[in-house]
Amino acid sequence: MTKFPTKNKKLIKWIDQKALLCQPDEIVWIDGSAAQKRQLEEECLVSGELIKLNEEKLPGCFLHRTKPDDVARTEHLTFICTKRKRDAGPNNNWMSPAKGYQKARAIFKGAMKGRTMYVIPFSMGPVGSQFSKIGVELTDSKYVVLNMLIMARCGNDVLRQLEKDDHFTKCLHSKAELDINKRLILHFPEDNTIWSVGSGYGGNVLLGKKCLSLRIASFLGKKEGWLAEHMLIMGIEEPNGHIEYIAAAFPSACGKTNLAMLIPPEGLRVKGYRIWTVGDDISWMRIDSDGSLWAINPETGFFGVAPGTNSKSNPTMVETVSKNTIYTNVLLKPDRTVWWEGADGPVPEEGIDWQGKPWRPGLLDEHENPVKGAHANSRFTTPITNCPTASFRIDQHHGVPISAIIFGGRRAHLTPLVYESFDWQHGVFVGAIMSSELTAAQVGKLGTVRRDPMAMFPFCGYNMADYFGHWLALGKKMKKPPKIFNVNWFRTDEEGKFIWPGFGENLRILEWILDRCNNKVEGVKTPIGYIPLQSDIDLTGLKIPALTMQKLFEIDKSKWLEELKGIKDFFKLFKRDLPKELWREYEQLHDRLKAE
Ligand code: GTP
Ligand code: SPV
Ligand code: MN
């Protein structure tokens, strides 16, 4: 057997046990060195797990394809295994820990025969920061190792930290047979343990990401008094050098990455704003000694949606993914560069699609539907350090202070472009009533509206009623809580076209949000919250009909009253556990909508 480069007995014992279960041929420790990374890449080229891309045009880049039924998170196979079902809540699939371990053990048994087990010590957050949490992932996938090396701080530095403190999340992953019928993503928050088997797709297998940084971390945050959220973090620098930081929660594939690195639109550029990207997916937030909320991004990379990324929508990302990037499920062009629907340049005349089959524009499948070159949830994994707008505070142990929290989702007809909550409690309600149309980021029917409080519905590792209670309690502990807003970039017209241009133009709305935080402008009171006085939104350089602006801020009381029914049904799922403050907010909203 292998030599263990650690004295941590708990770690050694755990790895021994798991090796006994999975029976790998050998065990390899990930040390975080460039040499080891290169060797793994070479091995992947030989095995076919990776395809080398054009070294001149895309230096250090690779392409990976997953199985066609393994292209997005599989929420129906994702479970929270707590002793009491009540603790997982109606928001989670539940299994008892005993049954979870038993079912998964049967699949893990001997699953790594003929393969290597990699041991990845990783830190979510800067190594040694008070914010940070350590995990160790055991995996038989080199693709997982190479992705984790981009997404988290991995290797010997973390191992040294583990000699001082032996709290770590035990993460076990095996591809096994990549069989959807033998796939389970299990979380055991009470044991600080994650077991994932039968998948090779990002959110199911990069266990530092959704599994640890949201499901397990939200549980730890409740226990320890902090928040783990599905939020981007960005800094907006004014010409005088002052930077305000905001955090925003949108459901999967609803614009976090794009907002986090927006380019100020032409008309606002004279004002001299600069954007700093802190994170695009996850935010860990704590109340600091100054009584305000501070946040870090625990990750070191972006695992971003490829389709729609181009020099117009997100030029910053186009630059970011030009090197040292792993592409998953995109189209391969004859010159060994890549393409996806909504990429720059002309549609290629031919290529190899995400399933490895020959492709040309206009190709139809057996049901006469167009075949996509790239999967709708195709992604890239790329280091934050590639990003030209990466914040200089990413490695600071303290994080950044948060002035505003923004919730948002895709709602074609209901929610206005922006509104502000009346206070923290109402803001928690605004987060709790979030809903969004489903996207390709999760397996399910596209476009159906689902309730997704705080964009955390698939990621809250415990009963969401307790989670709402936790949010309410933290608000009371802050001397200066952030203001809470809601945005909707996705309102459409009769033909289903977006009526707000979005992307860089969203800065116009962030500007109003910051003005509200700094008491520079008044809001207009409506039943749902404050909306802007139209003249307070700087539209310089943007041609948008006054009627469209009006539509964007329309609050249709009858539609909202209809919406309340869905909210009520949702709240009822939590029975007596739902904090009464939320029912009170519900009643008050109802009354305001009914009043003249
Ligand atoms: P996850 O990585 O799944 O958590 O997604 P995300 O929230 O980071 O979403 P992302 O920024 O990758 O955007 C997803 C899709 O929404 C892409 O196709 C974008 O082009 C599109 N999108 C992003 N911002 C806007 C916007 O302001 N307006 C419109 N219409 N589309 C947008
Ligand atoms: C999301 O779906 O919210 C993602 C991608 O960020 S995944 O890592 O698959 O969760
Ligand atoms: Mn996400």
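**Exercise 1. Find the polar contacts that ligand 1 makes with C254, G255 and R410 in this predicted model, and say which use backbone and which use side chain.**

Solution. Start with C254: one of its polar backbone atoms sits 3.3 Å from an oxygen atom of ligand 1. Move on to G255, where a backbone N or O atom is 2.9 Å from a ligand 1 oxygen. Then check R410, whose side chain places an N or O atom 3.2 Å from an oxygen atom of ligand 1. With a cut-off of 3.5 Å, these pairs count as polar contacts. So how much of ligand 1 does the protein bury? On its own, ligand 1 exposes 660 Å², and 91% of that is buried by the protein.

**Exercise 2. Work out what the shell around ligand 1 is made of, by residue, class and secondary structure.**

Solution. First, the head count: there are 21 residues around ligand 1, and those that come nearest are A253, K256, T257, N258 and R379. Next, sort the shell by class, which gives 10 nonpolar, 7 polar and 4 charged residues. Now look at the elements: α9 (256–260) and β17 (301–305) each put in at least two residues. The largest share comes from α9, with 3 residues.

**Exercise 3. Between which domains does ligand 1 lie, and why?**

Solution. Look at who gives residues to the shell. Domain 2 (51–64 + 301–390) does, and domain 3 (229–299 + 394–595) does too, so ligand 1 lies between them.

**Exercise 4. Describe the surroundings of ligand 2: which residues line up around it, and which side chains make polar contacts?**

Solution. Begin with the neighbours: R73, Y201, G203, K209, K210, H230, S252, D281, F303, R379, A441 and F459 surround ligand 2. Sorted by class, that shell holds 4 nonpolar, 3 polar and 5 charged residues. Then go through the side chains. K210 has a polar side-chain atom 2.5 Å from an oxygen atom of ligand 2. For S252, a polar side-chain atom is also found 2.5 Å from a ligand 2 oxygen. H230 brings a polar side-chain atom to 3.3 Å from an oxygen of ligand 2. Finish with the area: ligand 2 taken alone exposes 280 Å², of which the protein buries 98%.

**Exercise 5. Place ligand 2 relative to the domains, and explain why it goes there.**

Solution. Use the reasoning of the domain exercise again. Domain 1 (9–30 + 73–224) gives residues to the shell around ligand 2, and so does domain 3 (229–299 + 394–595); therefore ligand 2 lies between the two.

Notes. Residues numbered from 1 in each chain as written. Chains lettered and ligands numbered in written order. Predicted model: local features only at pLDDT ≥ 70, side-chain atom pairs only at ≥ 80, totals over all residues. Heavy atoms only, no water. Near = heavy atom within 4 Å. Polar contact = N/O pair within 3.5 Å; in protein donor to acceptor, adjacent residues only side chain to side chain. Areas by Shrake-Rupley, 256 points an atom, 1.4 Å probe, with all protein chains shown as cover. Helix = DSSP H or I, 4+ residues; strand = E, 2+ residues; numbered from the N terminus. Nonpolar A, V, L, I, M, F, W, Y, C, P; charged D, E, K, R; others polar. Domains from an automatic or database assignment.
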